[in-house]
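Got the viewer open? Let's take a short walk through this protein, one selection at a time.

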Amino acid sequence: GANGTTFDITDVFGFDEDLLAMVPQPVKAVMLLYPISDGSDKAVKACAELCKTQSDKALQNGLWYTHQTVSNACGTIALVHAAVNAVAQGTMGLEDVGGADGVWLRDLIKATADMTPADRARYIEESDSLENLHGSAANQGQSHQEDINAEINLHFVTFVCHQGQLWELDGRAPGPILRSENCPPEALLTESAKVIQNYIKLVAEKNPKNALMFAATALL
């Protein structure tokens, strides 16, 4: 649901300084695909609970977050987290979300402005128009499409800057996760990369092959 003439999504080819420098600026959000496990899920839950006071305050101050209740929809939720927060931060206007596909996203932003994360998840789950848009986009792609109920051990999360802090938005977590207290907008990519590198180290300790299963994109 995006008008590519006003913003774009680009690959992040690696997380060291030289490869990060290849990503055009400014970056509005970073989306990460990574392998999950019981251990990683427990760690994410623990981190979210530790920063609940800060996350509650951030949500009250405009950080947009939703839970994920639809199976295998983490990629869609990651894109929604990226786009809606870009609008909330003023780095992207509603008029930038153009075309017929953008109508749903604009309606989502307006309809869910005062909702809780649980109510937003319910709104998304009950949206027939999103289901149709998702199916249409998937059919245009070249990748193999898994059944919506298939068990998949890869998961998308989003990193955004909100009021000078770096937040990780994971729809499967209890809430937003504060990853850095000092993250001006221009540092979003490099600060996100630090968190991602820590993820890679943790995964590689248990299974080095899984360290190759990380991929990231940036919303420009």
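Start by selecting R172, which is partly exposed with a relative accessible area of 41%. Keep in mind that you're looking at a predicted model.

Now add D41 to the selection: D41 and R172 form a salt bridge, with their closest N and O atoms 3.0 Å apart. D41 sits in helix α2 and R172 in the loop between β4 and β5, so this pair ties together parts that are 131 residues apart in sequence. D41 is partly exposed too, at 28% relative accessibility.

Stay in that loop and pick D170, found between β4 (165-169) and β5 (177-180). D170 is buried but has no salt bridge, and R172, the nearest side chain of opposite charge, is 5.3 Å away. That's outside the 4 Å cut-off for a salt bridge. What does the side chain of D170 join in a polar contact? Show H155: the two side chains are linked at 2.7 Å. Also, a polar atom of the D170 side chain lies 2.9 Å from the backbone nitrogen of R172. Other residues touching D170 include Y34 and Y65.

Next, jump to helix α8 and select E191 and K194, a salt bridge with its closest N and O atoms 2.9 Å apart. The two are 3 residues apart, about one helical turn. Is E191 buried or exposed? It's buried, at 15% relative accessible area, while K194 is partly exposed at 46%.

Last stop: the second largest pocket, with about 430 Å³ of space. Helix α8 gives the largest share of its lining, 7 residues. Select Y199 and L202, among the residues nearest its centre.

Conventions:
Residues numbered from 1 in each chain as written. Predicted model: local features only at pLDDT ≥ 70, side-chain atom pairs only at ≥ 80, totals over all residues. Heavy atoms only, no water. Helix = DSSP H or I, 4+ residues; strand = E, 2+ residues; numbered from the N terminus. Buried < 20%, exposed > 50% of the residue type's maximum accessible area, 1.4 Å probe, protein only. Lys, Arg positive; Asp, Glu negative; His and termini not counted. Polar contact = N/O pair within 3.5 Å; in protein donor to acceptor, adjacent residues only side chain to side chain. Contact = heavy atoms within 4.5 Å. 1 Å grid on protein atoms, 1.4 Å probe; cavity = no way out; pocket = protein on both sides within 12 Å on 5 of 7 lines; lining within 4 Å. Points joined across faces, edges and corners; volume = space filled by probe spheres on them. Lists of a residue's contacts leave out its neighbours within four places in sequence.
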